[in-house]
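Subject: Structure for you to look at

Hi,

Here is the structure I promised to pass on. Have a look at it first, and then read on for what turned up.

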Amino acid sequence: MGQQQLMLMMIVTVIVGIMTVVAINIFSDARDEGVKDVIRQDLLEAATVGQMYYKKSSMLGGGGETFVNITLFDIQLDTANAITAFEITETSANYFKLTATPFSDVDAFTAIVYVDQVVWE
């Protein structure tokens with residue numbers, strides 16, 4: 001092979017290597033965003049069930065217009081799933097805080113669930 005052809009092969013190899021690293025970073029970011037979306041969806045579903053718990057009479061297994069005794073079981077969440085761990089970090093009559101701590105390097109999520117809204121912390 002000639003000098004020019006060897007130089008061309010080296011340049012192509014370097015370009016392919018750089019593109020591979022860029023692609024890995026893009027897919028890693030997309031994976032993290034997917035994990036965040038799944039966690040947000042789980043928290044919103046649990047918040048909706050929590051709001052139903054608040055409205056339901058205590059005689060029927062609900063909160064009787066308070067969040068004081070709410071548990072993960074009441075909002076149909078396990079303590080952990082494949083990507084995150086859940087916990088109720090604070091309860092009061094008017095709201096409860098639901099925290100999701102992912103097992104990956106994604107930051108934790110906290111949702112404050114009120115009777116009529118969900119606020120992200």
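Before anything else, one term: contact here means heavy atoms within 4.5 Å. Also keep in mind that this is a predicted model.

With that in hand, start at Ala-46, which sits in helix H1. Leaving aside neighbours within four places in sequence, Ala-46 is in contact with Ile-75, Leu-77 and Leu-98. Is Ala-46 buried or exposed? Ala-46 is buried, and its relative accessible area is 2%. If you want a distance to check on screen, take Ala-46 and Asp-74: they are 28 residues apart along the chain, and their C-alpha atoms are separated by 9.1 Å.

Now the overall layout. The chain has one helix and four strands, and going along the sequence they come in the pattern α-β-β-β-β. The helix, H1, covers residues 3-55. What does the chain look like as a whole? Its C-alpha atoms fill a box of roughly 85 × 20 × 20 Å along the principal axes. The radius of gyration is 24 Å, whereas a compact globule of 121 residues would have one near 14 Å. Of those 121 residues, 29% count as buried. As for contacts with a separation of 6 or more, 39% of them are between residues 24 or more positions apart.

Glu-45 gives you a feel for distances along the helix. Glu-45 is in H1, and its C-alpha lies 57 Å from that of Met-7, with the two positions 38 residues apart in sequence counted as their separation. Glu-45 counts as partly exposed, at 45% relative accessibility.

Next, the core. In soluble globular proteins, nonpolar side chains tend to be buried together. Here the largest nonpolar core has 21 residues, and Ile-75, Phe-96 and Leu-98 have the most contacts inside it. Which elements give two or more residues to this core? They are helix H1, strand S1 (84-91), strand S2 (95-102) and strand S3 (109-114). H1 provides the largest share, eight residues.

Leu-98 is a good one to click on. Not counting residues up to four places away in sequence, Leu-98 touches Leu-43, Ala-46, Leu-72, Ile-75, Leu-77, Glu-87, Ile-88, Phe-109, Thr-110 and Ala-111. You will recognise Ala-46 there, the helix residue from above.

There is a pocket to look at as well. The largest pocket has a volume of about 150 Å³. Which residues line it? They are Val-49, Met-52, Tyr-53, Lys-56, Gly-61, Gly-62, Phe-73, Asp-74 and Gln-76. By class, that lining has four nonpolar, three polar and two charged residues.

Gln-76 deserves a second look on its own account. Besides lining the largest pocket, Gln-76 has a positive phi of about 60° although it is not a glycine. Where is it in the chain? Gln-76 lies in the loop between H1 and S1, and it is exposed, with a relative accessible area of 66%. Glu-65 is found in the loop between H1 and S1 too. Glu-65 also has a positive phi, of about 65°, although it is not a glycine. Its relative accessible area is 53%, so Glu-65 is exposed, given that the cut-off for exposed is over 50%.

Last, Val-106, in the loop between S2 and S3. Why does Val-106 count as buried? Its relative accessibility is 9%, and buried means under 20%. Apart from neighbours within four places in sequence, Val-106 is in contact with Asp-32, Val-35 and Lys-36. Met-19 is another matter: it is 87 residues from Val-106 along the chain, and the two C-alpha atoms are separated by 25 Å.

If you open the model now, Ala-46, Leu-98, Gln-76 and Val-106 make a handy tour: Ala-46 in helix H1, Leu-98 in the largest nonpolar core, Gln-76 in the lining of the largest pocket and Val-106 in the loop between S2 and S3.

Best wishes

Key
Residues numbered from 1 in each chain as written. Predicted model: local features only at pLDDT ≥ 70, side-chain atom pairs only at ≥ 80, totals over all residues. Heavy atoms only, no water. 1 Å grid on protein atoms, 1.4 Å probe; cavity = no way out; pocket = protein on both sides within 12 Å on 5 of 7 lines; lining within 4 Å. Points joined across faces, edges and corners; volume = space filled by probe spheres on them. Nonpolar A, V, L, I, M, F, W, Y, C, P; charged D, E, K, R; others polar. Core = buried A, V, L, I, M, F, W, Y, C linked by side-chain atoms within 4.5 Å. Buried < 20%, exposed > 50% of the residue type's maximum accessible area, 1.4 Å probe, protein only. Rg over C-alpha atoms; globule rule 2.2 N^0.38 Å.
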